[in-house]
Amino acid sequence: MADPILSIRNVSKTFGEFRAVNDVSLDIHAGTITGLIGPNGAGKTTLFNVLTGMLKPTGGTVHLDGQNVTGFSPDALFSLGLGRTFQIPRPFAKMSVLENVMLSPMAQVGERVWGPFLGAAKMRDQEATIRKRAMEVLDFVTLAPLADQAAGQISGGQMKLLELARILMGDPKLILLDEPAAGVNPTLTKTLIEKIEELNRDGKTFVIIEHDMDFVMQHCDPVIALAEGRKVFEGTADEAQSNPVLLDAYLGAQVE
Ligand SMILES: Nc1ncnc2c1ncn2[C@@H]1O[C@H](COP(=O)(O)OP(=O)(O)OP(=O)(O)O)[C@@H](O)[C@H]1O
């Protein structure tokens, strides 16, 4: 098998005495949609926070495409092609949907790098380019009709699509989604899944935290389970559904 796009070795994160993530090792392979499951408090979001540079691990290493990126900042990781969305989206509520996408960190990186060297006309050109790209991305996630609406006024599901649009501005190769389907109506969930699968066919790799087991079993492979900070299962969706321990402890009635 090809080298993993993301390689996590013995990663731990403690808060005081409490081990939220405990010695987790796993590989994410390019082109997959990995489902990360586990009960509340298992450490899934904490692991995402470590992988995306929002928290520094207490121990262990993270390699992205073979490069040791342990402890890198979220900006640096985003520049290297790692995008993530949050369990609860936090758009700039008073700005328009389009402005939120135009403010994506990747567009900002461009501005930081080029801004001081560009004349006013070139800056306008660059803004036009960012605007055009933002509209394309909004069109892709089906939000183009809402481009001028205040981001605080769209639905929770539309905010999740907006988050996806923001990270797509950076053209990431690896996308981590934290509970994309939570609180989203079935129609928008369907749209979101279609977009994830389309992006995946185009070569993007996903890791998805999700409590909705139908979502995980139908769209994720492999499936990895955490419990009390540790990795307790790794296998295919079929194996997950027939694993007695997992079924009993983490999937329960949801699968039946
Ligand atoms: N900043 C923090 N300080 C102290 N404890 C924390 C902090 N962040 C998370 N924890 C604790 O770490 C544990 C793991 O939390 P985490 O949010 O990673 O779990 P999760 O698997 O994502 O849960 P959920 O499915 O409910 O989102 C929880 O007990 C949580 O209270």
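Glu-228 is partly exposed in this predicted model, because 14 other C-beta atoms lie within 10 Å of its own, a count between the limits for exposed (12 or fewer) and buried (20 or more). Glu-228 sits in the loop that joins strands E9 and E10. Its phi is near 45°, which is a positive value in a residue that is not glycine. As background, most residues other than glycine have a negative phi.

The strands on either side of this loop are worth a look too. E9 covers residues 223-227 and E10 covers residues 230-235, and the two pair in the antiparallel sense over five bridges. Across this pairing, Leu-226 stands opposite Lys-231 in E10. Together E9 and E10 make a hairpin with two residues between them, and Glu-228 belongs to the turn.

Just before E9 there is another feature to find on the backbone. The peptide bond that runs from Asp-221 to Pro-222 is cis, with omega near 5°. Most peptide bonds are trans. Pro-222 has its place in the loop between helix H8, residues 213-219, and strand E9.

**A second hairpin**

Now turn to the other end of the chain numbering. Strand E1 (residues 6-15) and strand E2 (residues 18-28) pair in the antiparallel sense over seven bridges. Lys-13 stands opposite Val-21 in E2. This hairpin also has two residues between its strands, and there Gly-16 takes a positive phi near 65°.

Strand E2 holds a further positive phi: Asp-23 lies in this strand, and its phi is about 55° although Asp-23 is not a glycine. Is Asp-23 buried or partly exposed? Asp-23 is partly exposed, because its 14 other C-beta atoms within 10 Å fall short of the 20 needed to count as buried.

Here are the backbone angles met so far, side by side.

| Residue or bond | Angle | Value |
|---|---|---|
| Gly-16 | phi | near 65° |
| Asp-23 | phi | about 55° |
| Glu-228 | phi | near 45° |
| Asp-221 to Pro-222 | omega | near 5° |

**A residue in the interior**

Leu-6 lies in strand E1. Leu-6 is buried, because it has 22 other C-beta atoms within 10 Å and 20 or more are enough for that label. Which residues does Leu-6 touch, leaving aside those up to four places away in sequence? They are Ile-28, Leu-64 and Leu-174. The C-alpha atoms of Leu-6 and His-29 are separated by 7.0 Å, and these two residues are 23 apart along the chain.

**Around the ligand**

The ligand is surrounded by Phe-15, Ala-20, Gly-38, Asn-40, Gly-41, Ala-42, Gly-43, Lys-44, Thr-45 and Thr-46. Which helix gives the most to this shell? Helix H1, residues 44-51, does so with three residues. Sorted by class, the shell has three nonpolar, six polar and one charged residues.

**The whole chain**

Stepping back, the protein chain has ten helices and ten strands. Its radius of gyration is 19 Å, close to the 18 Å that the globule rule gives for 256 residues, so the chain is as compact as a globular protein of that length. Along the principal axes, the C-alpha atoms fill a box of roughly 65 × 40 × 40 Å. Of the 256 residues, 41% count as buried. Contacts reach across the sequence as well: among those between residues at least 6 apart, 69% join residues at least 24 apart.

**Two domains**

The chain is divided into domain 1, made of residues 1-81 and 172-256, and domain 2, made of residues 90-171. The C-alpha centres of the two domains lie 26 Å apart. Where they meet, 13 residues of domain 1 are in contact with 15 residues of domain 2. Helix H2 (74-79) and helix H7 (186-201) each supply at least two residues of the side of domain 1 that touches domain 2. The largest share of that side, four residues, comes from H7. By class, this side of domain 1 has seven nonpolar, four polar and two charged residues.

Notes:
Residues are numbered from 1 along each chain as its sequence is written. This is a predicted model: local features need pLDDT of at least 70, side-chain atom pairs count only at pLDDT 80 or more; totals for chains, interfaces and linings use all residues. The radius of gyration is taken over C-alpha atoms; the globule rule is 2.2 Å times the number of residues to the power 0.38. Two residues are in contact if their C-beta atoms, placed from the backbone, lie within 7 Å. Domain bounds come from an automatic or database domain assignment. Ala, Val, Leu, Ile, Met, Phe, Trp, Tyr, Cys and Pro count as nonpolar, Asp, Glu, Lys and Arg as charged, and the others, Gly among them, as polar. A residue is near a molecule or strand if its C-beta atom, placed from the backbone, lies within 6 Å of it. Two strands pair if DSSP finds at least two bridges between them.
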